[in-house]
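Visitor: Please pick a single part of this model and take a close look at it, then work outward from there. I would like the cut-offs stated as you go.

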Amino acid sequence: MTNPNAELSPAYQTILKVIAQVEPRIAQATRDELTDQRASLKLIASENYASLPVLATMGTWFSDKYAEGTIGHRFYAGCQNVDTVESVAAEHARELFGAEYAYAQPHSGIDANLTAFWAILAQRVEQPRLAELGRKQVNELTEQEWESLRRSFGEQRLMGMSLDAGGHLTHGFRPNISGKMFHQRSYGTDPESQLLDYDAVREQVKEFKPLVLVAGYSAYPRRINFATMREIADEVGATLMVDMAHFAGLVAGKVFTGDEDPVPHAHVVTTTTHKSLRGPRGGLVLATEEYASSVDRGCPLVLGGPLSHMMAAKAVALAEARTADFRTYAQNVADNAKTLAEGLMKRGTKLVTGGTDNHLVLIDTTSFGLTGRQSESALLDAGVVTNRNSVPNDPNGAWYTSGVRIGTPALTSRGFGADEFDKVAELIVEVLSNTEPVTASTGKPGKAKYQLADGVADRVKAQSAELLDKHPLYPGLELS
Ligand code: PLP
């Protein structure tokens with residue numbers, strides 16, 4: 001097979017030339033972004049590099065078409081090609097994940113979660129109430145009946161993993177809309193092991209009796225037993241919703257199987273398509289038949305009109321994720337995370353939960369006497385791109401934090417293996433152990449300022465450049 005990057009190279013050169021004639025600053029920023037991404041060690045656990053065929057699929061006239069509604073039932077005329085795109089994306093998602101139903105419209109992970117929440121409320125609260133009242137639609141309700149139904153939406157309960165244990169803000173965090181839609185309580189992790197304690201979760205669930213039990217995470221470096229989570233949900237009649245945004249690539253690549261695969265166990269599964277799944281920015285909802293018709297009404301009841309060009313790119317990425325190459329990639333992501341964790345620990349770094357068995361590692365930066373913010377900034381000075389993150393019971397709060405989250409999906413896409421990730425661990429430790437916190441002007445220990453020892457940034461950048469040069473991003477793509 002020819003190299004698609006080389007084949008697309010002249011096309012991208014032309015595209016940038018044409019864009020420059022309209023707005024040269026955007027053409028230049030697009031070039032600069034590629035240069036920057038090529039030259040940095042991208043360790044942000046939620047990022048990746050989509051293939052050029054996926055990226056190219058986004059830039060088409062499908063962007064110009066309105067297509068509210070769903071496949072074959074649109075509120076606009078002329079959607080036959082959008083129907084093809086959405087059908088292919090949904091078909092790949094169903095087959096890849098073994099799901100009964102797939103909805104390819106959500107514009108992002110947060111939109112996928114909102115769609116799922118409203119679908120669960122529709123299925124569990126609205127439909128039974130309508131049936132009880134002998135009505136088919138909410139529009140047929142009297143003012144009084146509608147008001148009583150509307151209020152009962154706000155009386156429902158949701159339980160998800162707490163933010164500082166690794167949950168996502170859409171899992172019921174009060175400032176997020178999910179914390180306002182539902183009465184919310186969260187479960188954390190064991191204070192000693194920092195691992196999920198299923199017995200403790202079970203106790204909390206039995207006491208709180210949520211309508212929705214959410215499993216999934218943004219910053220928990222371990223696998224989850226979804227069969228056990230389903231058993232717990234069933235004990236109180238809760239709907240189990242799994243947000244697999246972070247680890248969808250490991251599910252797609254069959255690294256997480258059996259009890260670790262959420263799809264056979266959850267009623268509803270949401271995901272992003274751009275993290276470990278390596279697709280375009282976007283979301284998906286997978287569901288059992290029972291929830292399918294409610295999820296299918298996502299647009300226009302929850303979501304804006306579908307982004308058909310993005311659904312097309314999701315279809316291409318999902319086709320890629322069904323290949324043997326992608327399975328190898330997913331296994332490498334998990335193996336590389338283990339190597340990275342071991343490389344950090346053998347050099348004295350403390351990790352939340354003492355390791356990883358997924359695609360991410362959470363460094364407890366207090367072992368270097370630094371906040372997450374100081375660590376993130378010092379690493380960035382040395383060309384290592386990470387993001388700060390809370391650790392369980394974080395003494396420095398959600399802004400400064402005491403952790404740095406790193407992940408292997410992006411650099412594994414560039415071809416980094418065990419040797420390279422051990423070197424990455426060495427470089428991270430070199431930066432953090434040569435960084436000192438700087439006391440704030442108030443005399444209190446500073447949480448943002450830091451001093452990186454002279455020469456370290458340049459030394460680390462030079463060593464990173466050697467690794468990056470060996471594994472170029474989009475080899476064959478030349479922008480003159
Ligand atoms: N769910 C989880 C678990 C996430 O980690 C994220 C993103 O960080 C999201 C949802 C939101 O995804 P998006 O940024 O695409 O809305």
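Guide: What follows starts with one strand and then moves to other parts of the chain.

The model is predicted, so local features need pLDDT of at least 70 and side-chain atom pairs count only at pLDDT 80 or more, while totals for chains, interfaces and linings use all residues. Residues are numbered from 1 along each chain as its sequence is written, and side-chain values use heavy atoms, with hydrogens and water left out.

The part chosen is strand S14, residues 403-407. Helices (H or I, at least four residues) and strands (E, at least two) are DSSP runs, numbered from the N terminus. In S14, 5 of its 5 residues are buried; buried means under 20% relative accessible area, exposed over 50%, and partly exposed in between, with a 1.4 Å probe and protein chains only. In a regular strand the side chains alternate between the two faces of the sheet. Both faces of S14 are covered, with Gly-403, Arg-405 and Gly-407 buried on one side and Val-404 and Ile-406 buried on the other.

S14 has pairing partners, where two strands pair if DSSP finds at least two bridges between them. Strand S11 (residues 360-364) runs antiparallel to S14 and is joined to it by 5 bridges. Strand S13 (residues 387-389) is also antiparallel to S14, with 3 bridges between them. Gly-403 of S14 has Asp-364 opposite it, and Asn-389 likewise stands opposite Gly-403.

The loop between helix H16 (397-400) and S14 holds Thr-401. Thr-401 has a positive phi of about 60° although it is not a glycine, and at a relative accessible area of 1% Thr-401 is buried. A positive phi of about 65° is also found at Arg-278, again not a glycine. Arg-278 sits in the loop between strand S9 (268-272) and strand S10 (283-287), and its relative accessible area of 18% makes it buried. Another backbone feature is the cis peptide bond between Cys-299 and Pro-300, with omega about 10°; Pro-300 belongs to helix H12 (residues 298-301).

Next come the salt bridges. A salt bridge is a side-chain nitrogen of Lys or Arg within 4 Å of a carboxyl oxygen of Asp or Glu, and by this rule there are 23. In one of them, Glu-145 and Arg-135 bring their closest N and O atoms to 2.9 Å. Glu-145 is in helix H6 (residues 143-153) and Arg-135 in the loop between helix H5 (109-133) and H6, 10 residues apart. Glu-145 is buried at 16% relative accessible area, whereas Arg-135 is partly exposed at 26%. Arg-150 and Glu-147 form another salt bridge, at 3.3 Å between the closest N and O atoms. These two are 3 residues apart in helix H6, so about one helical turn separates Arg-150 from Glu-147. A third pair is Lys-206 with Glu-235, at 3.8 Å. Lys-206 lies in helix H8 (residues 198-208) and Glu-235 in helix H9 (residues 226-235), so this pair ties together parts 29 residues apart in sequence. A network of salt bridges links Lys-346, Arg-347, Asp-422, Lys-423 and Glu-426.

The ligand has its own surroundings. A residue counts as near a molecule if one of its heavy atoms lies within 4 Å of it; among those around the ligand are His-168, Tyr-217, Asp-243, His-246, His-274 and Lys-275. Ser-108 places a polar side-chain atom 3.1 Å from a ligand oxygen atom. A backbone N or O atom of Gly-109 lies 2.8 Å from an oxygen atom of the ligand, and for a polar backbone atom of Ile-110 the distance to a ligand oxygen is 2.9 Å.

The last element is helix H19 (residues 456-470), with 15 residues and 22 Å from its first C-alpha to its last, close to the 21 Å expected at 1.5 Å a residue. The expected span is 1.5 Å times one less than the number of residues. Val-456, Ala-457, Val-460, Ser-464, Leu-467 and Leu-468 of H19 are buried. They lie on the same side of H19 because they cover an arc of only 95° around the axis, the arc being that of the directions from the helix axis to the C-beta atoms. Asp-458, Glu-466, Asp-469 and Lys-470 are exposed on the face of H19 turned away from its buried side.

Definitions and conventions. Polar contact = N/O pair within 3.5 Å; in protein donor to acceptor, adjacent residues only side chain to side chain.
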